Amino acid sequence: MSLVRYIARRLILSVPMLFGITLVLFMIYNIVQVDPLVMIIGERAMDNPQVVEAAIRKWGLDRPIWEQYFTYLTNILRGDLGTSFLTRRPVLDDLRTHLPATIELAVSSLLFAVVLGIPLGIAAGVYFGSLFDRFVWFISLLNGSLPPFWTGLIFLFVFYYSLGIAAGPGRFPPRMDRPPAVTGLLTLDSILDGNMAALGGALSHLLLPTVILGGFTLALVLRVTRAAIVEEMRREYVRTARSKGLAERLVIVRHALRNALLPLITIIGLAFAGLLSGAVMTETVFDWAGIGQYLVRAAASLDYPAIQGGTLLIAIIYVIVNLCVDVLYSILDPRVRHG
Amino acid sequence: MASSLTLSGAERLPQRVWRRDLLRHMRRYPSLWMGAAMLSLFGVLIALAPIVARYPPNQQNLAMRLKAPSAEYLFGTDELGRDIFSRVLHGGRISLPAALIVVAVSLTIGGLLGAFAGFFGGLIDDVIMRLADVTLAFPAVVLALAISALLGPSLNNAIVAACAVLWPEYARLIRSQVIVTRTFEYVTAARSLGRREVGILLRHVLPNAWTPILIKAALDVGGVILLVSALSFIGLGVRPPTAEWGSMVALGRTKFYQWWVATFPGLAILFSILACNLISEGLRNWLDPRT
């Protein structure tokens, strides 16, 4: 199968998945014993007959249930996710302003995990069974056991309140002017603005949440890299490379690592789900104005349209990331396309 | 050595071998036994919480607000003067059983659905697995958050939400196990003896698919402890004043100078998850010969 055809097939296969996601969300909302009208316009607007009537018409609440799903779907496709009770703004606009913060945090956490995790994992795998290997194993075990909402607090206590060497909660120093918004990613906007002080401010605020959120992913990347390297180093091609007199460093980098990277690609897709889940907690602790924090606030105040819209957005992002991972994998390992 | 055995020695042998094997097993799989020991210790402490703790978990003493850890209050007191040591122990009475229930229920529901899907294939397989796929398309915490927000904040709803996000993982795992096991010769043999299909599935296929399920279940007990405490941390799980680790950490969020308020319940979460991860790791080393 050619690459283009493979990508096309995967794209087409994602469509029923997206339908399924909307169907599941729709079902969850219909199983719950709350008046759907209250869910759309909120308690307070129930006294206003005009609002009630408009909502019934817009979401087809007087129609049979399958028609309601159809209306819900067309509204989503039009980009209409309803109006948040909390902010009184369209949910889509809210999500648009919160998404860049989450992307910035997730990407920097992923970078942190990969940049630190792959070299450490290689070292642990090459020196399999050594003291260093055991140390790395222990660290990754510990990292996989830490509750991020708690570790975040401890980091804030220690590095911000006690030692004063790290930036506090929030995305940006409170007394500094934010760079003009282009992408919404404060680091990128600072660079585009050529404002190095702003970049420093944004980076200093990014540091602690990145370590907390990336820590969990780091444990995953470490473990997978280590296991893959251990396995590859036993293969015959490694023995061949050694026996032809190749330096050990080249045997690792040119031969073993290339093959060990394949399972890592899959893990990164998996890690992304972990990052989105972890973002919910990390953003809450660090007052990071992203989708996770938006969702938590919405959940706490029963802002149904916001919960539904936020969950939908995250699921869609997740499907897209998995699609990209599959495509990347098929480029690196053509066997997948023929499977 | 066998030739020198007397009759009486031979009679005593099995017990000694059993003991020696157990010791050797402990030495070979230390993480399994360390995790199990940690979890048993927690279990005993939690079961004896009313005796071990000096104060009831919800007894307020405003004269003793926010006291640092001392011999009287091992883990200090919170803003209502409640004994944090007692609250941590009593919190375990919620988190550990809740996690065990969630894993048991998800394993049963997901396991049966996955087994039927894998064994019978066809339409059943398609319907069950597509539902599982779609559920797994949501990051676990996000879907659990949405479900428990809709159902309303309570422990039971948090448990329901956790089951709702966990069952598809078991369905997938057991389905793939069953598909592999189904092709083995002893299944064909059972079939040729005229056993009914459901009987073959329950009696022959499932018992041989246990290993990865056990490893995952141990890991998931820790994962659910984290999930439930996270839900409580953001105000969606257990409601105050009930002592629960996640909501106790949340109480310490604004206590920058009273570090003990958030630290000890967090440590309880950390060590419980660590114990589960150790057990899972040990089980993997023991039962999965590939590693």
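**Exercise 1. Find what share of chain A is buried, and describe the build of the chain.**

Step 1. Start with burial: 50% of the 339 residues of chain A are buried, where buried means under 20% relative accessible area, exposed means over 50%, and partly exposed is in between (1.4 Å probe, protein chains only). Keep in mind that this is a predicted model, in which local features need pLDDT of at least 70, side-chain atom pairs count only at pLDDT 80 or more, and totals for chains, interfaces and linings use all residues. Residues are numbered from 1 along each chain as its sequence is written, chains are lettered from A and ligands numbered from 1 in the order in which they are written, and side-chain values use heavy atoms, with hydrogens and water left out.

Step 2. Now look at the secondary structure. Chain A has 14 helices and zero strands; helices (H or I, at least four residues) and strands (E, at least two) are DSSP runs, numbered from the N terminus.

Step 3. Next, the dimensions. Along the principal axes, the C-alpha atoms of chain A fill a box of roughly 85 × 55 × 40 Å.

Step 4. Finish with contacts, meaning heavy atoms within 4.5 Å. Take the contacts in chain A with a separation of 6 or more: 67% of them are between residues 24 or more positions apart.

**Exercise 2. Do the same job for chain B.**

Step 1. Chain B comes out at 12 helices and zero strands.

Step 2. Of its 291 residues, 49% are buried.

Step 3. The C-alpha trace of chain B spans about 75 × 65 × 30 Å along its principal axes.

Step 4. For contacts in chain B between residues at least 6 apart in sequence, 70% join residues at least 24 apart.

**Exercise 3. Work out which residues and helices line the largest cavity.**

Step 1. Get the rule straight. On a 1 Å grid over the protein atoms alone, a cavity is a set of points where a 1.4 Å probe fits but cannot get out, and lining residues have an atom within 4 Å of a point. Grid points are joined across faces, edges and corners, and a volume is the space filled by probe spheres set on the points.

Step 2. Count and size up: there are four cavities of 30 Å³ or more, and the largest has a volume of about 350 Å³.

Step 3. Pick out the residues. The largest cavity is lined by 20 residues, and those closest to its centre are Phe26(A), Ile40(A), Trp59(A), Tyr72(A) and Gln308(A).

Step 4. Trace the lining back to helices. In chain A, α1 (3-31), α2 (36-41), α4 (65-77) and α13 (304-332) each supply at least two lining residues. The largest share, five residues, is from α13(A).

**Exercise 4. Place Glu169(B) and Lys216(B), and compare their surroundings.**

Step 1. Find the helices: Glu169(B) sits in α7 (residues 155-182) of chain B, while Lys216(B) belongs to α10 (residues 210-233).

Step 2. Check accessibility. Glu169(B) has a relative accessibility of 28%, so it counts as partly exposed. Lys216(B) is buried because its relative accessible area is 17%.

Step 3. List contacts, skipping neighbours within four places in sequence. Glu169(B) touches Leu136(B), Lys216(B) and Asp220(B). Lys216(B), in turn, is in contact with Glu169(B), Tyr170(B) and Leu173(B).

**Exercise 5. Show that Val280(A) has contacts in both chains.**

Step 1. Locate Val280(A) in helix α11 (residues 248-285) of chain A.

Step 2. Read off its burial: with a relative accessible area of 0%, Val280(A) is buried.

Step 3. Leave out neighbours within four places in sequence, then sort the contacts by chain. Val280(A) meets Gly292(A) and Val296(A) in chain A, and Val141(B), Val142(B), Leu145(B) and Ile234(B) in chain B.

**Exercise 6. Track down some unusual backbone geometry.**

Step 1. Recall the background: most residues other than glycine have a negative phi, and most peptide bonds are trans.

Step 2. Go to the loop between α11 and α12 (291-300) of chain A, where you'll find Asp287(A). Its phi is near 50°, a positive value in a non-glycine residue. At 40% relative accessibility, Asp287(A) is partly exposed.

Step 3. Move on to Leu302(A), in the loop between α12 and α13 of chain A. Leu302(A) also isn't a glycine, and has a positive phi of about 50°. Its relative accessibility is 34%, so Leu302(A) is partly exposed.

Step 4. Switch to chain B for the peptide bond. The one from Pro240(B) to Pro241(B) is cis, with omega near 10°. Pro241(B) lies in the loop between α10 and α11 (245-251).

Technical notes:
1 Å grid on protein atoms, 1.4 Å probe; cavity = no way out; pocket = protein on both sides within 12 Å on 5 of 7 lines; lining within 4 Å.
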